[in-house]
Number of protein chains: 2
Amino acid sequence: MNVVEKLRNVNLRPTKQRILLAKQILDGKNKHFTAETIQKEVLSNGQSISLATIYNCLNKFVSVGLLKQIDQQGEVTIFDTNVSHHHHFLNQNTGELIDIDPDEIGFSKLPDIPNGFESDGVEVLIKIKE
Amino acid sequence: MNVVEKLRNVNLRPTKQRILLAKQILDGKNKHFTAETIQKEVLSNGQSISLATIYNCLNKFVSVGLLKQIDQQGEVTIFDTNVSHHHHFLNQNTGELIDIDPDEIGFSKLPDIPNGFESDGVEVLIKIKE
DNA sequence: TCAACAGGTTAGAATAATTCTAAACTAGAT
DNA sequence: ATCTAGTTTAGAATTATTCTAACCTGTTGA
């Protein structure tokens with residue numbers, strides 16, 4: 001399925017810029033990127049697109065499920081007086097965090113740590129809504 | 001242990017502002033807050049402190065372990081072409097994310113969802129370093 | 001006790017990510 | 001071909017956070 005069809009499938013008008021972005025992004029491989037890195041890629045291909053459009057498009061793509069946005073618990077830094085290792089519920093309605101004691105969560109399986117690395121902690125975020 | 005002692009314990013000079021903040025924050029209860037909410041609290045108590053100082057202090061408190069900073073994977077929004085449910089390694093050296101297949105992780109225990117809420121997904125972040 | 005200075009505080013400027021605005025453009029329906 | 005609603009854009013606006021540079025204050029040691 002080409003990108004124009006993909007865009008039509010989700011009721012997005014296949015404009016030049018959306019096609020450009022979709023070609024960069026939706027090539028079947030799993031990728032992580034930011035608005036900036038995408039713009040660099042596009043520019044280095046000799047084409048051009050404004051950052052505002054990239055944000056517009058990526059947000060649209062997310063809202064129709066073509067992309068996912070990695071959880072960043074909002075834009076402000078949240079501090080926690082609980083300095084011991086623990087996990088969180090995230091109330092999606094309010095953005096509020098609730099602590100979860102580490103022994104409330106147990107793992108029956110964890111992936112191998114990539115070669116040359118060591119684990120530096122496991123954080124679980126359970127998203128909840130009303 | 002009073003807040004002045006707590007500050008001395010971690011080699012931070014107990015200045016007026018740090019004492020003020022420590023009293024607000026380190027009262028033994030677990031709390032989540034932002035620089036802004038702390039400033040509001042202080043101001044509504046009739047006292048005053050600049051936002052820059054709050055950031056300075058909170059960051060110092062974090063660096064000495066009095067506080068924890070909730071993981072926000074950096075300040076830029078990261079998008080992911082993998083829209084299916086999955087988890088991530090976070091390479092702390094570079095900020096890079098690596099996908100983890102959901103069946104690479106299993107739970108033997110999960111906490112009860114708070115009353116009136118339903119789960120809306122569980123995200124695991126495994127922090128790794130070289 | 002107090003001078004001296006290293007470290008802390010501050011207002012306001014700077015930075016950076018993201019969104020908004022309003023004017024110009026364009027895909028798709030007629 | 002034309003019209004219109006939806007898009008794109010440059011640049012301004014916004015927001016969180018850090019930086020700057022001048023001023024202030026704990027602490028040390030004489």
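Which residue of β2(B) does D80(A) stand opposite? That was my opening puzzle, and I kept in mind that I was looking at a predicted model.

**Entry 1: a strand pair between the chains**

I followed β3 of chain A, residues 79-80, and found that it pairs with β2(B). The pairing is antiparallel and runs over two bridges. The residue opposite D80(A) is K68(B), so named in β2(B).

**Entry 2: how the two chains meet**

Next I looked up the whole contact between the chains. Chain B brings 67 residues to it and chain A brings 66 residues. Together they bury about 6,200 Å², and 58% of that lies on carbon and sulfur atoms.

I then turned to the polar side of the story. I noted 38 residue pairs in polar contact between chain B and chain A, counting pairs with both residues at pLDDT 80 or more. Several elements of chain B each supply at least two residues to the side that touches chain A, among them β1 (32-33), α4 and β2 (68-69). The top contributor on that side is β7(B), with twelve residues. Sorting the residues of this side of chain B by class, I got 28 nonpolar, 23 polar and 16 charged.

How many salt bridges cross the interface of chain B and chain A? The rule finds four. I picked out one of them to look at: E123(A) with K127(B), where the closest N and O atoms are 3.0 Å apart.

**Entry 3: around DNA strand C**

Now for the DNA. I found 21 residues around DNA strand C, and those that come nearest are R8(A), Y55(A), T15(B), T53(B) and T77(B). Of the atoms of DNA strand C that come within 4 Å of the protein, 83% belong to sugar and phosphate.

I checked some single contacts in chain B. T53(B) has a polar side-chain atom 2.2 Å from a phosphate oxygen of DNA strand C. For S50(B), a backbone N or O atom lies 3.4 Å from a phosphate oxygen of the strand. What does a polar side-chain atom of R13(B) lie 3.2 Å from? For R13(B) the partner is a base nitrogen of DNA strand C.

Then I asked which elements give two or more residues to this surface, and I noted α4 (51-63) of chain A, plus α2 (16-25) and α4 (51-63) of chain B. The largest share comes from α4(B), with five residues. By class, the surface near DNA strand C splits into seven nonpolar, seven polar and seven charged residues.

Note on methods. Residues are numbered from 1 along each chain as its sequence is written. Chains are lettered from A and ligands numbered from 1 in the order in which they are written. This is a predicted model: local features need pLDDT of at least 70, side-chain atom pairs count only at pLDDT 80 or more; totals for chains, interfaces and linings use all residues. Side-chain values use heavy atoms; hydrogens and water are left out. A residue is near a molecule or strand if one of its heavy atoms lies within 4 Å of it. A polar contact is a pair of N or O atoms within 3.5 Å; within protein, one must be able to donate a hydrogen and the other to accept it, and residues adjacent in sequence count only if both atoms are side-chain atoms. Helices (H or I, at least four residues) and strands (E, at least two) are DSSP runs, numbered from the N terminus. Ala, Val, Leu, Ile, Met, Phe, Trp, Tyr, Cys and Pro count as nonpolar, Asp, Glu, Lys and Arg as charged, and the others, Gly among them, as polar. Contact means heavy atoms within 4.5 Å. Buried area is the accessible area (1.4 Å probe) that two parts lose on being put together, summed over both. A salt bridge is a side-chain nitrogen of Lys or Arg within 4 Å of a carboxyl oxygen of Asp or Glu. Two strands pair if DSSP finds at least two bridges between them.
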